[in-house]
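Welcome! Here is a short briefing to help you find your way around this structure. Have the sequence and the 3D view ready as you read.

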Amino acid sequence: MSEEIELGYTADYHVHLRQGKMMEVVTKSVTPGGVSIAYIMPNLSPPITDIDRVVEYKASLEAISPKTTFLMSFYLCKELTPELVEKAAKMGAIQGIKCYPAGVTTNSTDGVDPNDFSAFYPIFKVMEDNDLVLNLHGEKPSVSKKHGESHESSEDIHVLNAEPKFLPALFKLHSDFPNLRIVLEHCTTKEAIEAMHKLNSDLKAGEQPKVVASITAHHLYLTIDDWAGNPINFCKPVAKLPEDKRALIGAALSGKPYFIFGSDSAPHELSKKSLHIGVCAGVYTQPYAISYVAEVFHQYGQIGKLKNFVSTFGNAFYSIDESKLKSKDKCVIVKKEFKVPEVLIDNNITIAPFLPGSTLQWSVEWTSS
Ligand code: DOR
Ligand code: ZN
């Protein structure tokens, strides 16, 4: 009999499921990818900033993937008010708010200036009081907009240092809102990992962290050489240096409750990845999300620690009430290899998955409840 590991209610705390035809294609891949709970990003066009839209979006996702528990978020921008956020929180329409610094990635033009969050402090206060999560895209933009004009940052910011340069803003937010739950999303640098250890240095055994970082599957594989010249591996934040990758793998394997899984699976049509100008950022991992992560844990002889990373720690941080899950099926990974297709074609949409053509060793199955 092949080896099997039960992973419980697996969760992916950073998912892009898009809209329209693309939504129909990629939402179907959440369950086969081994994910029971999916935390949905709001960077649609236009971004999600009101209750009706978030409720409607959730219903469309549930219609496509009825066994997934969808957790929803708003997009932090000027349109949000403390009253609206409070109402959405009390209704249970959202579990958090995503903050995109303006201009750093896909559909982030309506985002915020991380050099000064003070305009959003009334919203953060309401979030803290209503136990909502603040999800931070942790990169400082190299160009900022003032009075409609673009200004280059005086700090020489570029794709390699944008995350470390953002970290002081994270420390300030945590010190100004010590009870606000914050996620540093898709962290990519050893400086970010060190920051997480520092922010949690007083955490006692069994205590819940207030600040955690999510780590993607692809950043456990990639370094700068893998995306320079390969648009399939290009995403934001970009994968960094070998020492950064080692720090991320160390964090995922660390057994610390402040490192959780969030795939940042971000599909783009192959035609938008094959441009000679303006390649879209994003790596598509959803259909094999848990298998990609299992491969790395296996490679390091730590498959027994996978459940903590892909279910226990994230679910504890997000206070998941298991009685409210859409499905009680649990994810099981089975030692059975399979090949990742070169491309996925469905509904006239072609997408290249991460690691096209490669063989992965752990397949996903589900227990039925
Ligand atoms: O690579 C990325 N793609 N990073 C993000 O932050 C957004 C995402 C997208 O929506 O395509
Ligand atoms: Zn994302």
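The buried residues of helix H6 pack against two helices, H5 (162-176) and H8 (242-252), and two strands, E10 (181-185) and E11 (211-215). Please keep in mind that this is a predicted model. The points below take a look at H6, then at the surroundings of ligand 1, and finally at a sheet.

**Helix H6**
- Which residues of helix H6 are buried? Along residues 190-199, they are Ala 192, Ile 193, Ala 195, Met 196 and Leu 199.
- Looking down the axis of H6, you will find these buried residues within an arc of 160°, so they line one face of the helix.
- An α-helix has 3.6 residues a turn, so residues three or four places apart point the same way.

**Around ligand 1**
- The residues surrounding ligand 1 include His 16, Asn 43, Thr 105, Thr 106 and His 137.
- Further along the sequence, Cys 235, Lys 236, Asp 264, Ala 266, Ala 281 and Gly 282 also belong to these surroundings.
- Sorted by class, this shell holds six polar, three nonpolar and two charged residues.

**A sheet of three strands**
- Strands E2, E3 and E4 form an open sheet in the order E2-E3-E4, and their pairing is parallel.
- Strand E2 (11-15) and strand E4 (69-71) are the edges; each has a single partner strand, so one side of each has no neighbour in the sheet.
- On average, neighbouring strands here are turned by 20° against each other, direction ignored.
- Strand E3 (residues 37-40) runs parallel to E4 and is joined to E4 by three bridges.
- In this part of the sheet, Ile 37 stands opposite Thr 69 in E4.

Notes. Residues are numbered from 1 along each chain as its sequence is written. Chains are lettered from A and ligands numbered from 1 in the order in which they are written. This is a predicted model: local features need pLDDT of at least 70, side-chain atom pairs count only at pLDDT 80 or more; totals for chains, interfaces and linings use all residues. A residue is buried if 20 or more other C-beta atoms lie within 10 Å of its own, exposed if 12 or fewer, and partly exposed in between; C-beta atoms are placed from the backbone. Helices (H or I, at least four residues) and strands (E, at least two) are DSSP runs, numbered from the N terminus. The arc is that of the directions from the helix axis to the C-beta atoms. Two residues are in contact if their C-beta atoms, placed from the backbone, lie within 7 Å. A residue is near a molecule or strand if its C-beta atom, placed from the backbone, lies within 6 Å of it. Ala, Val, Leu, Ile, Met, Phe, Trp, Tyr, Cys and Pro count as nonpolar, Asp, Glu, Lys and Arg as charged, and the others, Gly among them, as polar. Two strands pair if DSSP finds at least two bridges between them. Axes are lines fitted to C-alpha atoms, for helices over the stretch in contact, and angles run from 0 to 180 degrees between N-to-C directions.
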